[in-house]
Each structure stands twice: as C-alpha cells, then as structure tokens.
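This report describes charged pairs, a surface patch and selected buried positions in one protein chain. Please consult the sequence and the structure shown below while reading.

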Amino acid sequence: MNKRNKVRKSCLLCISFVRNCAFYNASYADDGSHLVGGTVSLSNQFWNTTTGNFLDMAVIEWCKLFGNDQLEKHHWKKVVKDKARYKIQLLKMFEEGEVGWKAYWDGLQTYRNKFAAHLDEDNQYIVPYLHKAHELVINHYNYLLEHEVAEGFFREPPPNIQTYYQQQFDMARAVYDKQNG
C-alpha cells in the first residue's frame, strides 16, 4: 500500500474512532449514569449490546492506529514521516511520559486482545476510559492533516474532527433521549 493510501485510511480510522466514541459517550449522562439499558428486558439488551459494540469498535480502531506497530498496517509509525517529533508530541500528552503512555497503551491493548477481538479465559475486564484515546486520535488526525497530507489529497476537505465528534454525539444523544422519552 502506498503512502497516500496509508495516510488516507489512517484519517478514515480516526473518523471511525471518533464516531464510535461519540455514540458510546452519548449513552452516558453528565452524572455518569447510563441513559439506556439498566433492568433486564429485550429492549435493554439491545441498547446494552449496541453501546458495548460502540466501545469495542472504538478500541479496535484506536489499536489499528496506536496498537502493535509490528502487526497494524496503519500504525502511526508506518504513516508518520518524522517519528521522533511525533513521539515527543505523543508523550507530552501523559504526565508520566513514556511510563504513562505504556500503561494506557497496555490497558487498551488488553481490552482489545482479551475481550473485544478475542474472548480469553479471563472472566472480568476493565472497561477502558476513552478520554485519553479520544485526545490521541484528535491529535493524530490533525497531525496527519498538517504534516502528511498534500494539496489535492482529498476530493472533499476532511471534516473538522472536533465538530464532527460533537455532531455525532448530539445525533446519538437525541436517539437515546427519544428511547427514554
């Protein structure tokens, strides 16, 4: 796959992550309570499964961008030209630097590998917080557009990723509110 396609597909993965993250986050009220699901019923099984799938897909898409650099075709190390500069920027997002990055990375990789993509022997899992993953993807997307995309790269200009997130969040929240209405 040529460089242009890797960058383009990496941008599409970012957009997919943001959409799934927005749909998942919209299922929670500001106080952290789940807007759908709860008591056992067929309708709640649908909503619990749906929101769980948004989480799983967000984590899987994130891992395609930041997971195992040996296995993932669209890992940032295979897409970004100036890897040293990019890694410095990435590590600045963690107070503990490399240690913080590695701990966060391990959590998402473990969730993906043991629960979202496979079903290992473990009976319990920790649901990953997507706030930092969201930040990383936003920064990655903007970095790609600023440093890796040439004029005429896209037929249509890519969306502002923060605006896109908010539009998807608002759309999903309206659906969840209607369900609860």
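In this predicted model, the side chains of lysine 102 and aspartate 106 form a salt bridge, with an N to O distance of 3.0 Å. Both residues belong to helix 5, which covers residues 98-116, and they stand four residues apart, about one turn of the helix. Lysine 102 is partly exposed, its relative accessibility being 41%. Aspartate 106 is likewise partly exposed, with a relative accessible area of 32%. Side chains of opposite charge can pair when their charged atoms come close.

**Salt bridges**

The whole structure contains six salt bridges, and the pair in helix 5 is one of them. Another joins lysine 132 to glutamate 135, where the closest N and O atoms are 3.8 Å apart. Because lysine 132 and glutamate 135 are three residues apart in helix 6, about one helical turn separates them. Glutamate 135 is partly exposed, at a relative accessible area of 29%.

A further salt bridge links lysine 3 and glutamate 148 through their side chains, at 3.1 Å from N to O. Lysine 3 lies in helix 1 and glutamate 148 in helix 6 (residues 131-148), so this pair ties together parts that are 145 residues apart in sequence. How accessible are the two partners, lysine 3 and glutamate 148? Lysine 3 is partly exposed, with a relative accessible area of 33%, whereas glutamate 148 has a relative accessibility of 8% and counts as buried. The cut-off for buried is under 20% relative accessible area, so the value of 8% places glutamate 148 in that class.

The table lists these three salt bridges with their N to O distances.

| Positive partner | Negative partner | N to O distance |
|---|---|---|
| Lysine 102 | Aspartate 106 | 3.0 Å |
| Lysine 132 | Glutamate 135 | 3.8 Å |
| Lysine 3 | Glutamate 148 | 3.1 Å |

**Positive patch**

Which residues form the positive surface patch? The patch consists of Arg4, Arg8, Lys9, Lys73 and Arg155. Of its members, lysine 9 is located in helix 1, which spans residues 3-25. Lysine 9 is partly exposed, and its relative accessible area is 36%. Patch members need over 30% relative accessible area, so lysine 9 passes that cut-off with its 36%.

Arginine 8, also a patch member, can be related to a position far along the chain: its C-alpha atom is separated by 8.2 Å from that of phenylalanine 153, although the two are 145 residues apart along the chain. Phenylalanine 153 is found in the loop between helix 6 and helix 7 (161-180). With a relative accessibility of 9%, phenylalanine 153 counts as buried.

**Buried positions in loops and helix 2**

Serine 27 occupies the loop between helix 1 and helix 2 (42-66). Is serine 27 buried or exposed? Its relative accessible area is 0%, so serine 27 is buried. The side chain of serine 27 reaches the backbone oxygen of tyrosine 24 at a distance of 2.6 Å.

Valine 80 is placed in the loop between helix 3 (76-79) and helix 4 (83-91). Its relative accessibility of 1% means that valine 80 counts as buried. Between the C-alpha atoms of valine 80 and cysteine 63 there is a separation of 16 Å, and these residues are 17 residues apart along the chain.

Leucine 55 is part of helix 2. This leucine is buried, having a relative accessible area of 4%. Leucine 55 and asparagine 139 are 84 residues apart in sequence, and their C-alpha atoms are 20 Å apart in space.

Key. Residues numbered from 1 in each chain as written. Predicted model: local features only at pLDDT ≥ 70, side-chain atom pairs only at ≥ 80, totals over all residues. Heavy atoms only, no water. Patch = residues over 30% accessible without salt bridge, like charges linked within 9 Å, V, L, I, M, F, W, Y side chains within 5 Å. Areas by Shrake-Rupley, 256 points an atom, 1.4 Å probe, with all protein chains shown as cover. Salt bridge = Lys/Arg side-chain N within 4 Å of Asp/Glu carboxyl O. Lys, Arg positive; Asp, Glu negative; His and termini not counted. Charge placed at Lys NZ, Arg CZ, Asp CG, Glu CD. Helix = DSSP H or I, 4+ residues; strand = E, 2+ residues; numbered from the N terminus. Buried < 20%, exposed > 50% of the residue type's maximum accessible area, 1.4 Å probe, protein only. Polar contact = N/O pair within 3.5 Å; in protein donor to acceptor, adjacent residues only side chain to side chain.
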